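Here are my notes on the structure you asked me to look over, set out as numbered points. I begin with one residue and its surroundings, and turn to the chain as a whole afterwards.

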Amino acid sequence: RADGPVTAMLIDIDHFKSINDTLGHAYGDEVLASFAAILRRNIRDGDVVGRWGGEEFVVLCTGLDQQQALAYANALRSRIAHFHFGERETVTASFGLRTGAAAPLAELLRDADIALYAAKARGRNRVEAFGATLRDAA
């Protein structure tokens with residue numbers, strides 16, 4: 001268990017199916033590899049990044065309050081949006097995050113997933129944090 005708050009970020013590449021459908025699965029695989037590399041290069045020492053499945057990734061980080069985690073996620077989102085992915089040139093991503101000091105990891109991930117769905121529903125290429133309004137909607 002980490003000291004201080006832990007943040008779980010779930011990240012989904014926006015419209016990834018259309019990338020595979022229009023440019024092929026080999027190009028989609030290149031996008032996934034580049035996307036993972038961007039995340040690895042831009043996370044802080046001690047943070048953990050991994051593929052969550054399909055076109056989703058997870059970042060686990062410690063020591064940030066919710067406002068700091070939002071700023072961190074938005075910086076990652078901006079790096080992704082400004083990277084040139086070749087044929088497609090730009091790719092965007094939606095982020096859902098949940099920060100908690102004593103919550104079990106499974107709860108953080110569940111709530112980050114709810115926030116991710118809100119980010120996608122609210123227009124994609126954005127960061128949403130789990131909070132009271134999303135808790136009530138879930």
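1. In this predicted model, valine 91 is in contact with Ile13, Ile19, Val31, Ile80, Ala81 and Phe85, once its neighbours within four places in sequence are left aside. Valine 91 itself belongs to the loop that lies between helix H3 (66–81) and strand E4 (93–100).

2. Is valine 91 buried or exposed? Its relative accessible area is 2%, and because buried means under 20%, valine 91 counts as buried. As for its relation to asparagine 125, the two residues are 34 apart along the chain, and their C-alpha atoms are separated by 9.1 Å.

3. Asparagine 125 deserves a point of its own, since its phi is positive, at about 50°, although the residue is not a glycine. Most residues other than glycine have a negative phi. Asparagine 125 sits in the loop between helix H4 (105–121) and strand E5 (127–129), where, with a relative accessible area of 28%, it is partly exposed.

4. Histidine 15 likewise calls for a look at the backbone: it is not a glycine, yet it has a positive phi of about 55°. The residue is found in the loop between E1 and helix H1 (16–23), and its relative accessibility of 46% places it among the partly exposed residues.

5. Turning to the fold, the chain contains 5 helices and 5 strands, which follow one another from the N terminus in the order β-α-α-β-β-α-β-α-β-α. Of the contacts with a separation of 6 or more, 67% are made by residues 24 or more positions apart.

6. On overall dimensions, a compact globule of 138 residues would have a radius of gyration near 14 Å, and the 15 Å of the chain agrees with this. The C-alpha trace spans about 45 × 35 × 20 Å along its principal axes, and 45% of the 138 residues count as buried.

7. The surface that the chain exposes comes to about 7,100 Å², of which carbon and sulfur atoms supply 50%. The chain carries 16 positive and 18 negative charges, and the mean positions of the two sets are 2 Å apart.

8. On confidence, the chain averages a pLDDT of 92, with 94% of the residues scoring at least 70. Confidence is highest in strand E1 (residues 6–13), at a mean of 98, and lowest in helix H5 (residues 132–137), where the mean is 63.

Methods: Residues numbered from 1 in each chain as written. Predicted model: local features only at pLDDT ≥ 70, side-chain atom pairs only at ≥ 80, totals over all residues. Heavy atoms only, no water. Helix = DSSP H or I, 4+ residues; strand = E, 2+ residues; numbered from the N terminus. Rg over C-alpha atoms; globule rule 2.2 N^0.38 Å. Buried < 20%, exposed > 50% of the residue type's maximum accessible area, 1.4 Å probe, protein only. Contact = heavy atoms within 4.5 Å. Areas by Shrake-Rupley, 256 points an atom, 1.4 Å probe, with all protein chains shown as cover. Lys, Arg positive; Asp, Glu negative; His and termini not counted. Charge placed at Lys NZ, Arg CZ, Asp CG, Glu CD. pLDDT = per-residue confidence, 0-100.
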